[in-house]
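The exercises below are meant to be worked through with the sequence and the coordinates at hand. Each task is followed by a solution that goes step by step.

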Amino acid sequence: RISFGNAHVPGGRFAFGYKAPFQPPLEQFQDIELPFHQFSDKWDDATGDIQETCSDKPQFCPTEQALKNVKTISIWGEGVAGDVHLEIRSIYASGCSEEEGAIDQPISDPSQQKHSQGADQATDGEIIIESFETPSLNWMTINDPVMGGKSKGEFSIDQNGEGIFKGEVVDVPSLKAPGFIQVLGKGSFPDISSCEAFKLTVKSNVEYHGYRVSFGLKQAPGSQFYIHGFKTKISPPVGQFGDVVIPFLNFSDKWDPYTGDQLVTCKENPTFCPDEATLQDLKEFAIFGEGVSGVVHLEIKSISAIGCGGQIEKQTQQSEDTEETQSGMSRTVLFSGVVFITAAILVV
């Protein structure tokens, strides 16, 4: 399935955006055409199936406002058990009228990403929180010996402007379970309450499955006094740098102090979702090796927030002045006709 936008049907729970199913070709790339009228924001948040189509009830069709600023676009494997392996070359809109402007540029093109320096600069809907080329936060390590454990971690910034977080997580003798190591950043944080997700540019030099990130000081009701912050798991790429995007709604401040695992997710209970006050000032940001024994070696180039509304709107408006046509077809990031996905699915 594919979805876009943040539209929310009145009375809905966790379903956001306009969604439609699609079927990629097997083993060879091909364009998939998805007319906007195939999308609906009335869909089952348990299965992803459309409950009321745009054709049946126009109030569930994509609105002009949603098409002027898509805000998010997602591709899902959902509602059907099985392996997923999808390769995507580009996503674009077609059938766009000339007065809207056109660009021959995919919606997501890593070659066009811009990275600004400094904690409160924003580019293309992105706010840099920390760049280790020009670090602005104070970083320190905290290990589980504070609770009788034997794990040990260290953190440094190398000459390439990369933060190096490494060490080893071992069992806490009294618990007979893995402990933790942590690198913690404190200082002056930008307001990211207009944003939708974190983006970490990182790589792991080892196969380790206990990486987590957390931010903030908020405590969930009933939590132990030393537990605070919103936390979630991450899976960095191994051996090469890549962007790890973590939507804020993936975080919860109701988590197990012994394993770091979430006990109640934000989706299950919005009480535990990140709040606006925390996003306005994170206070602290931490990366953990936790709950899984093993060697940790993570390299970090930058930490930022993305999907920041004002900047996305600015980028969208600027694109209206750029026009180009390829093979007689207009393409634009202002969705106004048909979505095309150039993709292939491989069964392995």
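**Exercise 1.** Is Glu290 buried or exposed, and what is its relative accessible area? Place the residue in its strand and describe its surroundings in this predicted model.

*Solution.* Begin with the secondary structure, where Glu290 is found in strand β18, which covers residues 284-290. Next take the accessibility: the relative accessible area of Glu290 is 3%, and since the cut-off for a buried residue is under 20%, Glu290 counts as buried. Then turn to the side chain, which makes a polar contact of 2.8 Å with the side chain of Lys231. Finally, list the neighbours, leaving aside residues up to four places away in sequence: Glu290 touches Val169, Gly179, Phe180, Tyr208, Gly210, Arg212, Thr259 and Gly260, as well as Lys231.

**Exercise 2.** Work out which strands pair with strand β10 and in which sense, and determine how many of its residues are buried.

*Solution.* Start with β9 (residues 152-157), which runs antiparallel to β10 and is joined to it by six bridges; in this pairing, Ile157 has Gly163 of β10 as its bridge partner. The hairpin formed by β9 and β10 has five residues between the strands, and within this hairpin Gly161 adopts a positive phi near 75°. Continue with β19 (residues 294-306), which pairs with β10 over seven bridges, again in the antiparallel sense, and here Lys166 has His297 of β19 as its bridge partner. As a last step, consider burial: of the seven residues of β10 (residues 163-169), five are buried, so the strand is largely enclosed by the rest of the structure.

**Exercise 3.** Reconstruct the order of strands in the open sheet that contains β1, and identify the strands that stand at its edges.

*Solution.* Write down the order first: the sheet has three strands, arranged as β2-β1-β4, with antiparallel pairing. From this order, β2 (18-20) and β4 (73-75) are the edge strands, and because each has a single partner strand, one side of each is left without a neighbour in the sheet. The twist from one strand to the next averages 15°. Now examine the pairing of β1 (residues 2-4) with β2, which involves three bridges between antiparallel strands. Ile2, which has its place in β1, stands opposite Ala20 in β2. With a relative accessible area of 1%, Ile2 is buried. To finish, compare sequence with space: Ile2 and Ser74 are separated by 72 residues in sequence, while their C-alpha atoms are 5.6 Å apart.

Conventions:
Residues numbered from 1 in each chain as written. Predicted model: local features only at pLDDT ≥ 70, side-chain atom pairs only at ≥ 80, totals over all residues. Heavy atoms only, no water. Pairing = 2+ DSSP bridges. Helix = DSSP H or I, 4+ residues; strand = E, 2+ residues; numbered from the N terminus. Axes fitted to C-alpha atoms, helices over the stretch in contact; angles between N-to-C directions. Buried < 20%, exposed > 50% of the residue type's maximum accessible area, 1.4 Å probe, protein only. Polar contact = N/O pair within 3.5 Å; in protein donor to acceptor, adjacent residues only side chain to side chain. Contact = heavy atoms within 4.5 Å.
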